[in-house]
Amino acid sequence: MNNLKNLAGNDVSIFLFQFVLGGNGINFVLNKAIAAEMYQDLDEKLKPLVNACGETLLRYKHLSVSDTIMDGNLLDTGEFEVMLSKGLGRHFADDEKQHLFQDAKNIADILIEVMDRRTKEEKEGKQPSSSRRMHYPQSSKKIKKGLEELGQAKSLHAELQWLAEGKRLKPGLKQLRPEDLPHDVTASRGYDHRGHCLIFEHNTLGELGKIVLIKIQDGKMLIQAELYKGQENLKSPLVRKKRDVFEKVVATVNNCFNENFPD
């Protein structure tokens, strides 16, 4: 008899994944049987989504009343259900929660595809290759590339939605040119559930931080800038150098944004 329940207390047929609090971060716990059958191409799709969800959940970690902050399961009814820790959902902005849940569903779809693909192979009498059973380490550069692709897709979807609604595309940060940025600083598309995201890097200092444009009431936009310090202390010389450069980036973006969206 299966007594497995999800965060909502509903009967679970197949456990898919959990995001669990751990130390200063959040751990992604995957169904062991699915992990053992993982395919490399699906693993490459999976990890950027896990990264994005984990980053979002990390901002709400202090509000979670349980160690499991989010779980995804197939219920006895055959339906997929994603749940947050009790009461946590009320702290999210609607768009952010919608994007989080959509990516949780995308994770589930990938895991279901793993099971379906393996079932098809078994019916065809194919044996799993030993190379597929190994863990696929993925570099931070590859995950970053995956997040950039997710961000590009999100931006395109937003532009198409604007056109479908008969609205003029807002210029936003399209007016920001490479020469506007401080020396040795480059920008790339990022991915964040809160809104449109840009990642800024310095040739020698590394990743500086990200800026997220968030839609708020009455069509207004909120700019949130986050300095990237990694494992460094905020008072470390490296982080201080990053902060000095990133402050110039933020000022540049603010000026560009104000020119495009004057009060």
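How many salt bridges does a search of the whole structure find? The search, carried out on a predicted model, finds 17 salt bridges. Side chains of opposite charge can pair when their charged atoms come close. Several of these pairs offer a convenient way into the fold.

One pair is formed by R117 and D41, whose closest N and O atoms are 3.1 Å apart. This salt bridge links distant parts of the chain, since R117 belongs to helix α3 (residues 94–123) and D41 to helix α2 (residues 40–58), with their positions 76 residues apart in sequence. R117 counts as partly exposed because its relative accessibility is 26%, and D41, with a relative accessible area of 36%, is partly exposed as well.

Helix α2 also takes part in another pair, for the side chains of K142 and E44 meet in a salt bridge at 3.0 Å, N to O. Here too distant parts of the chain are linked, K142 lying in helix α4 (residues 140–164) and E44 in helix α2, 98 residues apart. K142, at 42% relative accessibility, counts as partly exposed, and E44 is partly exposed with a relative accessible area of 30%.

A further salt bridge stays within helix α3, where the side chains of R118 and E121 meet at 3.2 Å, N to O. Because R118 and E121 are 3 residues apart in helix α3, about one helical turn separates them. R118 is buried, and E121 is buried too. Elsewhere, salt bridges that share partners join E55, R59, E96, D192, R194, K210 and E226 into one network.

D192, a member of that network, leads on to the strands, as D192 is found in the loop between β5 and β6. Is D192 buried or exposed? With a relative accessibility of 2%, D192 lies under the 20% cut-off and therefore counts as buried. Once its neighbours within four places in sequence are left aside, D192 is in contact with E55, R59, K154, C197, K210 and V212. C197, one of these contacts, is itself buried, having a relative accessible area of 2%. Another cysteine, C53, is buried with a relative accessible area of 0%, and the structure holds 0 disulfides.

The strands on either side of this loop belong to an open sheet of 4 strands, arranged in the order β5-β6-β7-β8 with antiparallel pairing. The edges are taken by β5 (185–189) and β8 (221–227), each of which has a single partner strand, so one side of each is left without a neighbour in the sheet. On average, and with direction ignored, neighbouring strands of this sheet are turned by 20° against each other.

Within the sheet, strand β7 (residues 206–215) and β8 run antiparallel and are joined by 7 bridges. L213 stands opposite I223 in β8. The loop between β7 and β8 contains K220, which counts as exposed because its relative accessibility is 53%, a value over the 50% cut-off. Not counting residues up to four places away in sequence, K220 touches I214 and K215.

Strand β6 (residues 196–202) includes H202, which counts as buried at 12% relative accessibility. Which backbone nitrogen does the side chain of H202 reach? The side chain of H202 reaches the backbone nitrogen of L205, at 3.2 Å. When neighbours within four places in sequence are set aside, H202 is in contact with H183, D184, V185, L208 and V245.

The last stop is toward the beginning of the chain, where L4 lies in the segment before β1 (12–22). L4 counts as partly exposed because its relative accessibility is 37%. Not counting residues up to four places away in sequence, L4 touches N10, D11, V12 and F15. L4 and L75 are 71 residues apart in sequence, while their C-alpha atoms are 9.7 Å apart in space.

Technical notes: Residues numbered from 1 in each chain as written. Predicted model: local features only at pLDDT ≥ 70, side-chain atom pairs only at ≥ 80, totals over all residues. Heavy atoms only, no water. Helix = DSSP H or I, 4+ residues; strand = E, 2+ residues; numbered from the N terminus. Buried < 20%, exposed > 50% of the residue type's maximum accessible area, 1.4 Å probe, protein only. Polar contact = N/O pair within 3.5 Å; in protein donor to acceptor, adjacent residues only side chain to side chain. Contact = heavy atoms within 4.5 Å. Pairing = 2+ DSSP bridges. Axes fitted to C-alpha atoms, helices over the stretch in contact; angles between N-to-C directions. Disulfide = S-S within 2.5 Å. Salt bridge = Lys/Arg side-chain N within 4 Å of Asp/Glu carboxyl O.
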